Amino acid sequence: MRLLLAEDDAILADALVANLEHAGFEVETAENGAVAEYLLNRQHFDAAILDIGLPLVDGLTVLKRVRASKPAQPILVLTALCDLEHRVEGLNAGADDYLTKPFEFPELEARVRALLRRAQPGSNSLLQAGQLQMDRDARRATIAGEPVDLSPREWSLLELLLSQRDKVVTKEQITQSWSGEAGAKGEPAGSIEVYIHRLRRKLEPSGLSIRTVRGLGYLLEADTKA
């Protein structure tokens, strides 16, 4: 996925580029609003991260102009202005999402991925089976309405199993789903089995179970004992 990052703070921009590239994105940068507007109008980007306080042309003006020329362009706004008036102004100008500084990178990444999912034709942020529901945009899982505490790897594993329900998910697919996470490389071979065991325990009230298909992988299905 190709992103445009429009941010005039060079230190912050460098840090975000490094983290986004580590997460698997291709990133183009713009240090002012004029360059951001030029790039967005002439190149394809799957999403844009746009700082409001850009020099030359402010981010809000860029947002309005790009939204007029490219109505479907996914745009996330970054700003140090956190009051309600500015949030409403940014959203009304055409922002798809709004994140105030300072922020943690995992939240930025989650919001960008949510934008990308919503931009895909026929995408659906909700996954549901039995008593289990996953809201991928809100990054929230519940069983019978009660929240389920999941680690990042447990979340990725459950999301993969649920999206491929009644299909065998291989260990290679699981490893690939973890590839963008810090610490994923170099995990011991038994780590997948550990996370499967933990997830089985957490899914017990849901009416779902994870079946091991020997030599192939794992299968999420209705628990026949439920």
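Student: At what angle to β7 does helix α6 run?
Tutor: This is a predicted model: local features need pLDDT of at least 70, side-chain atom pairs count only at pLDDT 80 or more, and totals for chains, interfaces and linings use all residues. Residues are numbered from 1 along each chain as its sequence is written, and side-chain values use heavy atoms, without hydrogens and water. Find helix α6 at residues 152–163, lying across β6, β7 and β8 (helices, H or I of at least four residues, and strands, E of at least two, are DSSP runs numbered from the N terminus). Relative to β7, helix α6 runs at about 110°.

Student: Which strands are the edges of the sheet β6-β7-β8-β9?
Tutor: The four strands form an open, antiparallel sheet in that order (strands pair if DSSP finds at least two bridges between them). The edge strands each pair on one side only, and they are β6 (126–129) and β9 (146–147).

Student: Which residue of β8 stands opposite Q133?
Tutor: Look at β7, residues 132–135, which pairs with β8, residues 140–143, over four bridges in the antiparallel sense. Opposite Q133 in β8 stands T142.

Student: Are α2 and α3 roughly parallel or antiparallel?
Tutor: Helix α2 (residues 33–42) packs against helix α3 (residues 59–69) with axes 10 Å apart and an angle of about 10°. Because of that angle, α2 and α3 are roughly parallel (under 35 degrees; over 145 is roughly antiparallel, 65 to 115 roughly perpendicular, the rest oblique).

Student: Which residues of α3 make the contact with α2?
Tutor: Contact means heavy atoms within 4.5 Å. Helix α2 brings G33, A36, E37, L40 and N41. Helix α3 brings V62, R65, V66 and S69.

Key:
Axes are lines fitted to C-alpha atoms, for helices over the stretch in contact, and angles run from 0 to 180 degrees between N-to-C directions.
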